[in-house]
Amino acid sequence: MPPLRVGYVPEHFSTPLHFAQTYCSLSADLIPFHSGTGHMVAALRVGELDIAIGLTEGWIAAIAKDPPPDQTTDAGSSENEFKLVGTYVETPLCWAISTGHDREHITDVQDLKGKKLGVSRIGSGSYVMSYVLADREGWDQPFECLPLQTFEALRKGVNDRTVDFFMWEYFTSKRYYSSETLHPIKKVGEIYTPWSSWKIVARTPLIDTPELDSFLETVNAGIKYFGEHKEEAVQYISTKLDYEEEDAKEWMKTVRFARDVKGVENSVVRETMEMLQKAGVIEGEAWQEGSEVKKAKRFVGKRKEEHSVV
C-alpha cells in the first residue's frame with residue numbers, strides 16, 4: 001500500500017505531527033495546506049488526500065452540508081466521503097479579529113457590522129466563524145465574504161482595503177501587530193470556538209483499517225514526544241515556523257493535545273452542530289432529526305467514549 005497522504009496546516013499546532021515523522025517512524029506523505037481546512041475538504045472530496053487534520057467547525061459543516069449517504073446500499077458512503085476519526089487538540093481556538101494597521105475608522109468589533117470579510121476559502125474555519133461572530137453580536141445578516149486563500153493575502157487585503165477585516169488564529173496573527181512586519185495588521189477583537197478545536201478526518205475506506213489505527217497511534221507518540229521535549233518544540237516553532245520564541249512559549253501554556261487521539265465524542269459533534277445551526281451556517285434541523293447515536297454515525301467514524309487529555 002502506498003504511503004498515506006495526510007493534509008495538515010503548517011502552523012504551530014502541527015509540531016507533534018512533525019515529531020511523529022522525525023522521531024516516531026510515521027510513514028506518511030505530509031502535505032501542507034496553507035489556506036486551511038476548506039482547501040483540505042476539497043482535496044479529500046476529489047481523492048487527493050486520505051487523512052487530514054483541521055478545524056472542528058470546518059469538518060462538521062462540510063459533512064453536514066453533504067447529502068447523507070444512501071442507507072440502502074451496503075457501503076452507505078462514497079469512496080471520497082470522509083468522517084471524523086480522531087481528536088487532535090482538546091482546547092478551544094482563539095480567533096483574533098484583525099483589520100489593516102492604519103484603518104483608523106475600524107477600532108472595535110462593533111465597527112465591523114456590514115463590512116466586507118476576508119476568508120481563506122468558502123467553508124473554511126475563518127468563514128464558519130464569521131457566522132458565529134455575527135450570532136454573538138446579534139447581527140442578522142452574514143458578512144459579504146471574499147476568499148483570498150492565504151494568511152499573507154488576507155493581511156494584504158485589509159491594508160489595501162480589498163476587505164475590511166479577517167479572522168485568524170491569535171498567535172499566528174500576533175507577530176504582525178508590529179508596524180515593522182510585512183502587511184502589518186491591527187487587532188480589534190477576538191472570539192473563541194465553543195468547541196475543542198482540531199480534529200482528524202479520514203476517507204471512509206480507511207476507517208477500521210490497520211493503516212489508520214497505526215497512523216493514529218504514531219500521532220499519539222508524536223504528542224507524547226512533544227509533551228516531554230517542550231524546549232525542542234519551542235525551538236522548532238520559532239525557527240522553522242513563523243513565530244517569535246516568546247509567542248511559542250505562551251502558546252504552549254494554552255494548548256492541550258489529546259493523550260489518545262483515537263475517536264471523537266458524540267457530544268462534541270452535537271454541540272458544534274447546534275451552534276452552527278443557531279449561527280446560520282447550517283440550515284434546518286440536521287442534528288436533531290433522529291437519535292443522537294444514529295445521527296452521529298453520519299459524522300463520526302471512530303467514537304471516543306471518554307474525555308482523555310494531557
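Okay, quick definition before I start: when I say helix or strand, I mean a DSSP run, with a helix being H or I over at least four residues and a strand being E over at least two, numbered from the N terminus. With that in hand, D208 can be placed in the loop between strand 10, residues 198-203, and helix 7. And please keep in mind that this is a predicted model.

Let me stay with D208 for a second, since the backbone there does something you may want to look at. Phi of D208 is near 65 degrees, which is a positive value in a residue other than glycine. Why mention that? Most residues other than glycine have a negative phi. As for solvent, D208 is exposed, because its relative accessible area is 60% and exposed starts over 50%.

R161 gets a mention on the same topic. Its phi is near 70 degrees, again positive and again in a residue other than glycine. You'll find R161 in the loop between helix 5 and strand 8. Is R161 buried or exposed? R161 is exposed, at a relative accessible area of 53%.

Now, the aromatics. How many aromatic pairs does the structure hold? The count is 18. Take Y88 and F257: their ring centres are 5.1 Å apart and the planes sit at 75 degrees, so we call that pair edge-to-face. The cut-off behind that name is over 60 degrees between planes. Y88 is in strand 4, residues 82-89, while F257 is in the loop between helix 9 (245-254) and helix 10 (266-279), so this pair ties together parts that are 169 residues apart in sequence. Y88 counts as buried at 2% relative accessibility, and F257 is buried too, with a relative accessible area of 2%.

F257 has another partner, F226. Their ring centres are 5.1 Å apart and their planes at 70 degrees, so that pair is edge-to-face as well. F226 belongs to helix 7, residues 210-228, and F257 to the loop between helix 9 and helix 10, so here the parts tied together are 31 residues apart in sequence. F226 counts as buried, at 6% relative accessibility.

Zoom out a bit and you see one aromatic cluster formed by F13, Y88, W198, F226, W251 and F257. Keep F13, Y88 and W198 in mind, they come back in a minute.

Two arginines also go with rings. R155 has its charged end over the ring of F151, 4.8 Å from the ring centre. R175 lies over the face of Y176, and there the distance to the ring centre is 5.9 Å.

For the cysteine people: how many disulfides does the structure hold? The answer is 0. C94 counts as buried at 11% relative accessibility, whereas C145 counts as partly exposed at 21%. The line between those two classes is 20%, which is why they get separate labels.

Last topic, the empty space. There are 2 cavities of 30 Å³ or more. The largest cavity holds about 160 Å³ of space. It is lined by 16 residues, and E11, G36, L55, W95 and W168 lie nearest its centre. Helix 4 (125-137) and strand 8 (165-169) are the elements that give two or more residues to that lining. By class, the lining splits into 6 nonpolar, 8 polar and 2 charged residues.

The second largest cavity has a volume of about 40 Å³. Which residues line it? They are Y8, V9, F13, S14, L17, I53, Y88 and W198, and F13, Y88 and W198 are members of the aromatic cluster from before. This lining has 7 nonpolar residues, 1 polar and no charged ones.

Then there's a pocket, the second largest one, with about 290 Å³ of space. Its lining has 15 residues, and the closest to its centre are P10, E11, H34, F151 and D242. Helix 5, residues 151-159, gives the most to that lining, with 3 residues. By class the lining comes to 7 nonpolar, 3 polar and 5 charged residues. And you've met F151 already: that's the ring under the charged end of R155.

That's it from me, happy to take questions.

Key
Residues numbered from 1 in each chain as written. Predicted model: local features only at pLDDT ≥ 70, side-chain atom pairs only at ≥ 80, totals over all residues. Heavy atoms only, no water. 1 Å grid on protein atoms, 1.4 Å probe; cavity = no way out; pocket = protein on both sides within 12 Å on 5 of 7 lines; lining within 4 Å. Points joined across faces, edges and corners; volume = space filled by probe spheres on them. Nonpolar A, V, L, I, M, F, W, Y, C, P; charged D, E, K, R; others polar. Phe/Tyr/Trp six-rings, centres within 6.5 Å; stacked < 30°, edge-to-face > 60°. Buried < 20%, exposed > 50% of the residue type's maximum accessible area, 1.4 Å probe, protein only. Lys NZ or Arg CZ within 6 Å of the ring centre and 35° of its normal. Disulfide = S-S within 2.5 Å.
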